[in-house]
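Please look through the model below, and then follow the text from one small region to the next.

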Amino acid sequence: MDKLELLIGEKILGKFSMGGGCIADSKIIQTENGNHYFVKSYLQNRAILQCETNGLKEIKKCNEIRVPEIIAVDDEFLVLEYIDKQRPSKGFYEMFGRQFANLHKITALKHGFTENNFIGTSTQRNLPQSDSWKEFYYKNRLEYQFYLCEVNGFLGNELKQLALKMESKIDDIFDGLENVPASLLHGDLWSGNYLVSPENTPVLIDPAVYYGHREADLAMTKLFGAFNPEFYLAYNEVYPLDDGYQYRENIYKLYHILNHLNLFGYSYYSQAVSLIKYYFN
């Protein structure tokens, strides 16, 4: 038996590569017992596997929204329940919005998480955990990404000056959020990180879990094209958003665009600049 067969305890009859991933090597495997599993491996940074596992467990234990069952994990493979994804039908996005709002009602005492994890292949700093959302977000999200931009050679003069201005603006942007709840966040929710199950229910995948301001999760859903409007309407019925959330969307999008700049290069530079300039017009 090969290592994967030993891990799952079943003989593998077939392996089928999955396209579309830019980080993980992903396969569907079929076993002699008639089971199908989804298998991920990260050759360059195996710590991602355990962090993803811990994120899935954190969401699962809340029992608010489905994640794939974890079959097995080691330092090379993460084996998950295979979900035959479907196209959404009537009622899906309303259910999704309601369940996601209920997930955000799960809170912790501090912003952050019990470990650092990953956003893509970039380290996502969740420590030290903090009582202050403003402090946590600026230090562990924006400032760290600006640091990576400098290390990676992407911090051009314009972006550098804007980064310095942003530090002085952060108090105004986060005004009134001193006691914002630390909600359980997926951390990287876009259209590629959820599935529609055969039962027409939402399934969250590929989390970058931490506890923080729920608006950060919702802003990410709009970064590459918003979800169906029914999602947001249902969410707001269950857990109404605070005044000013639209103004704060760009500060939360900025984290992910800076991360894309660091991961994929200059094609994201102008978008990062634009998101910061929004707060100085």
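Begin at Leu 185, which stands opposite Tyr 210 in strand E12. The model in view is a predicted one. Strand E9 covers residues 182-185, and E9 pairs with E12 in the antiparallel sense over three bridges.

These two strands belong to an open sheet of three, in the order E6-E9-E12, with antiparallel pairing. Strand E6 (107-108) and strand E12 (210-212) stand at the edges; each has a single partner strand, so one side of each is left without a neighbour in the sheet. A helix also meets this sheet: H6, residues 214-221, lies across E9 and E12 and runs at about 35° to E9.

Now turn to helix H2, residues 47-60. What span should its 14 residues have, at 1.5 Å a residue? The expected value is 20 Å, and the end C-alpha atoms of H2 are 20 Å apart, so the two agree. Several residues of H2 are buried, among them Ile 48, Leu 49, Leu 56 and Ile 59. The buried residues of this helix also include Glu 52, Thr 53 and Glu 58.

Cys 51 is another buried residue in H2. Its relative accessibility is 11%, and buried means under 20%, so Cys 51 counts as buried. Cys 62 is in no disulfide, and the nearest cysteine sulfur, that of Cys 51, is 18 Å away. A disulfide needs two cysteine sulfur atoms within 2.5 Å, so a separation of 18 Å does not qualify. Cys 62 counts as buried too, because its relative accessibility is 15%. Across the whole structure, a search finds zero disulfides.

Note on methods:
Residues numbered from 1 in each chain as written. Predicted model: local features only at pLDDT ≥ 70, side-chain atom pairs only at ≥ 80, totals over all residues. Heavy atoms only, no water. Pairing = 2+ DSSP bridges. Helix = DSSP H or I, 4+ residues; strand = E, 2+ residues; numbered from the N terminus. Contact = heavy atoms within 4.5 Å. Axes fitted to C-alpha atoms, helices over the stretch in contact; angles between N-to-C directions. Expected span 1.5 Å × (residues − 1). Buried < 20%, exposed > 50% of the residue type's maximum accessible area, 1.4 Å probe, protein only.
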